[in-house]
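Trainee: I am new to this one and would like to go through it with you. Could you put it on the screen?
Mentor: Certainly; here it is.

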Amino acid sequence: MNTTATISGKMALMSQVAGPQSFGRVDEDGTVYVRTPEGERAVGQVPDATGEEALEFFVRRFQSLETEVDLLESRLKSGRLSPHNAQQAAGKLHSSILQANAVGDLAALAARLDALNPDIEAKAASQREEKADAQAKARQAKEGMVSEAEKIAAGTDWRGGVTKFRNLLDEWKKLPRIDKTTDDELWHRFSTARTTYTRRRKAQFAEQNAKREEARKIKEAIITEAAPLATSTEWGPTARDFRDLMARWKAAGPAPREVDDKLWKQFRKIQDTFFDARTAAMSELDEEFKGNLEAKVKLLDEAEKQILPISDVSSAKEQFRAFLDQFNELGKVPRDAIRRIDSRLRSLEEKVHSAEQAEWKRTDPQARERAEETVAMLQSQIDKLTADARKAEAAGKTTDAAKARESIGTYQTWLDQARKTLDDFSA
């Protein structure tokens, strides 16, 4: 029979009956010892403390380790911890437990960690399958990208093609590598398609240079034709003439880059001369819009007072929609007030939107789930300690019962804090 296993089994039975305190003792000089399958070892002293207080101090350390094991089991079960990280955490915690200066059934606690190994390995195997699946999907995706790249290279989308190739390349970089031979072959096809496209595009642009020179001549003629229109006071017909000239300008296409901006500035200056004069003549119309401005400002003032500050997001959204319907029914405002009114409108809309986003973040289901898990774990620990206290009381072990009740008080404090955090999600 395995002597160590027998001792460990007996110690586990003692733990169930008397709790972690049964694994420790305090000698006359205040040194606290813990019993393990390998024998008894000192875990330390607590200055200025009674023997019971010193023993309880090291029991609480053991209970902290139990809590860490509980959390690790919970996180592994919920899938919130990767197999690799779980294995590292379990190994580190295993070493900490076996070497811990704590009083309790350290061997049994370490055995709980060992029991996690099959589950960790199963999850690791599942993860490897997922990785293989991801590589298969990556290969399929890259093959699709290569086909798309070769299609672009054979086409004539000289402007959009550059962006498409850039986007394909960005997507390619995000995908994991597959086996080297296949990956290199696919990349060679992709790179060849991009090179082919680039060469054809350059040849096409060389052909377009001649067209750009012709565009320069057309635009110079348009400028000559537009110059007399700058001083016209026939607002409607002349505005239409300018629209026609603009259409011809656009149809001419780009001139050589070194002169295109210069020609546009000349043409735009002629247009500005006419349209500025028209604007001055039409500024009198703004007087008619002052009434609309006053009504919109009043409506905005009322909406800001009614909606801000936002305490109820749903109500604020409804009030904003109702306000916006009324606001849009009003007519135009003077041109110099458009930016100011629009700025206030956007500001109010952004505040409603920000409040809506904040409300969503506050009710984030993942954060709520984490809070719920913490509450459940702490409540489970309290229930366990309560059961231990009742057993101790039934057995007449008042000291053990009192210590269990004291631990319950500590966990209850943590539970109250955790519940407050959870309640915030329902506020």
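Trainee: Is the crossing of H3 and H5 left-handed or right-handed?
Mentor: H3 and H5 cross in a left-handed manner; the term applies if the near helix is turned anticlockwise from the far one by less than a right angle, and right-handed if clockwise. Please keep in mind that this is a predicted model, where local features need pLDDT of at least 70, side-chain atom pairs count only at pLDDT 80 or more, and totals for chains, interfaces and linings use all residues. Residues are numbered from 1 along each chain as its sequence is written, and side-chain values use heavy atoms, leaving out hydrogens and water.

Trainee: At what angle do helix H3 and H5 pack?
Mentor: The angle is about 155°, and the axes are 9 Å apart. Axes here are lines fitted to C-alpha atoms, for helices over the stretch in contact, and angles run from 0 to 180 degrees between N-to-C directions. H3 and H5 are therefore roughly antiparallel, a label for angles over 145 degrees. Helices themselves are DSSP runs (H or I, at least four residues; strands are E, at least two), numbered from the N terminus.

Trainee: Which residues make the contact?
Mentor: Pro83, Ala86, Gln87 and Ala90 of H3 meet Ile120, Lys123, Ala124 and Gln127 of H5, where contact means heavy atoms within 4.5 Å.

Trainee: And how do H5 and H6 pack?
Mentor: Helix H5 (residues 117–153) and helix H6 (residues 160–174) have axes 11 Å apart at an angle of about 165°. This pair is therefore also described as roughly antiparallel, and H5 passes H6 in a left-handed crossing. The residues that meet include Ile152 and Ala153 in H5, and Phe165 and Trp172 in H6.

Trainee: What lies 8.3 Å from Ala153?
Mentor: Thr195 does, C-alpha to C-alpha, although the two are 42 residues apart in sequence. Thr195 belongs to helix H7 (residues 180–226) and is partly exposed, at a relative accessible area of 34%. Buried means under 20%, exposed over 50%, and partly exposed in between (1.4 Å probe, protein chains only).

Trainee: Changing topic, how many aromatic pairs are there?
Mentor: There are 16. Rings of Phe, Tyr and Trp (its six-membered ring) pair if their centres lie within 6.5 Å; planes under 30 degrees apart are stacked, over 60 edge-to-face, and the rest tilted. Trp235 and Phe274 form a tilted pair, 5.7 Å centre to centre with 45° between the planes.

Trainee: Why does that pair tie together parts that are 39 residues apart in sequence?
Mentor: Because Trp235 lies in helix H8 (residues 235–252) and Phe274 in helix H9 (residues 257–282). Phe274 is buried, with a relative accessible area of 0%, while Trp235 is partly exposed at 27%.

Trainee: Which residues form the aromatic cluster?
Mentor: One cluster is formed by Trp158, Phe165, Trp172, Trp187, Phe190 and Tyr197.

Trainee: Where is the cis peptide bond?
Mentor: A cis bond joins Leu308 and Pro309, with omega about -10°. Pro309 is in the loop between helix H10 (290–307) and helix H11 (313–329).

Trainee: What is phi of Asp48?
Mentor: Phi is near 55° for Asp48, a positive value in a residue other than glycine. Most residues other than glycine have a negative phi. Asp48 is in the loop between strand E3 (39–44) and helix H2 (51–78), and counts as exposed at 84% relative accessibility.

How values were computed
Parallel < 35°, antiparallel > 145°, perpendicular 65-115°, else oblique.
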